[in-house]
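Here is a short set of exercises to work through with the model open beside you. Try each task before reading its solution.

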Amino acid sequence: MPIVEAPYGVEEARRRLVAALRAEALVIGEVVLTSGAVAQYLVDVKRAILLPEGFFAAGVLIAEQARALGATAVGGLTMGADPLACAALAGGADVKAFFVRKEAKQHGLSRRIEGPLLTDGDRCLIVEDVVTTGGSTVKAIEAVRAEGREICGVVAICDRLAGGAAAIEEAAQAPYVALTSIDEVYPERPDRAAA
């Protein structure tokens, strides 16, 4: 049962998310991606998700996926996953939110996974803002598994349709869902025919 009720359903949330990504997150121009590849556009999801409309729409959609997959925890590699895990909570998911550091802290509790303690029986939903090669998502999956935790699925806000889905599915051995794709966010992109 959700902690809060959304004023609109999944289909409307998805429509609003795509609109927010188009309006706020799409950056056209040459950029270097996390993978090192050069692209002619970027979807900077945080620009849309850190505004009320995008945050709430993403929260509704991630919370729905968390319920469908039986997740008890939602998180992923910092920074891409941080607002998404928080959005899941705001969207009504009855889960723990967590953040995976790129490496363990060298002071304090020396933790790599921050947030409420993940325990035996937790089913972790990994979230990611944008998937290109899937490298960041695979790192998060590996870190969570290294802690002995189960991966129940992976949710991305936007898939660039560049092969990352296959790498994620292989690493996760669990369902992968992209809430949107680059085809929806930037349908007129110049490389679409080649994709």
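A polar contact is a pair of N or O atoms within 3.5 Å; within protein, one atom must be able to donate a hydrogen and the other to accept it. Please keep in mind that this is a predicted model.

**Exercise 1. A charged residue in a strand**

Task: Find Glu114, decide whether Glu114 is buried or exposed, and find which side chain shares a polar contact with the side chain of Glu114.

Solution:
- Start with the location: Glu114 sits in strand β5.
- Next, apply the cut-off, under 20% relative accessible area for buried. Glu114 has 19% relative accessibility, so Glu114 counts as buried.
- Finally, look for the partner: the side chain of Arg101 makes a polar contact of 3.0 Å with that of Glu114.

**Exercise 2. Checking two helices with a ruler**

Task: Work out what span α3 should have and what span α5 should have, then compare each with the distance between the end C-alpha atoms.

Solution:
- The rule is 1.5 Å times one less than the number of residues.
- For α3, residues 52–69, there are 18 residues, so the expected span is 26 Å; the end C-alpha atoms are 26 Å apart, which agrees.
- For α5, residues 135–146, there are 12 residues, so the expected span is 16 Å; the end C-alpha atoms are 16 Å apart, in agreement again.
- Now step past the ends. Gly70, just after α3, takes a positive phi of about 70°. Gly148, which follows α5, also has a positive phi, near 80°.

**Exercise 3. The buried residues of α5**

Task: Which residues of α5 are buried, and against which elements do they pack?

Solution:
- List the buried residues: Thr137, Val138, Ala140, Ile141, Ala143 and Val144.
- Recall the helix geometry: with 3.6 residues a turn, residues three or four places apart point the same way.
- Turn to the partners. The buried residues of α5 pack against the strands β3 (73–77), β4 (96–100), β5 (113–114), β6 (123–131) and β7 (150–159), and against helix α6 (164–172).
- Take one residue as an example. Ala140 lies in α5 and is buried, with a relative accessible area of 1%.
- Leaving out residues up to four places away in sequence, Ala140 touches Gly76, Leu77 and Ile126.
- Ala140 and Phe99 are 41 residues apart along the chain, and their C-alpha atoms are separated by 9.0 Å.

**Exercise 4. Two pockets**

Task: How is the lining of the largest pocket divided into nonpolar, polar and charged residues, and how is that of the second largest pocket divided?

Solution:
- Begin with the largest pocket, which holds about 620 Å³ of space. It is lined by 27 residues, and the closest to its centre are Thr34, Glu128, Asp129, Val130 and Ser136.
- Ask which elements contribute: β2 (38–43), α2 (45–49), β6 and α5 each supply at least two lining residues.
- Sort the lining of the largest pocket: 9 residues are nonpolar, 10 polar and 8 charged.
- Move on to the second largest pocket, with about 160 Å³ of space. Of its 13 lining residues, Tyr41, Thr132, Arg160, Ala162 and Asp191 are the closest to the centre.
- Sort the lining of the second largest pocket: 8 residues are nonpolar, 2 polar and 3 charged.

Definitions and conventions. Residues numbered from 1 in each chain as written. Heavy atoms only, no water. Helix = DSSP H or I, 4+ residues; strand = E, 2+ residues; numbered from the N terminus. Buried < 20%, exposed > 50% of the residue type's maximum accessible area, 1.4 Å probe, protein only. Contact = heavy atoms within 4.5 Å. 1 Å grid on protein atoms, 1.4 Å probe; cavity = no way out; pocket = protein on both sides within 12 Å on 5 of 7 lines; lining within 4 Å. Points joined across faces, edges and corners; volume = space filled by probe spheres on them. Nonpolar A, V, L, I, M, F, W, Y, C, P; charged D, E, K, R; others polar.
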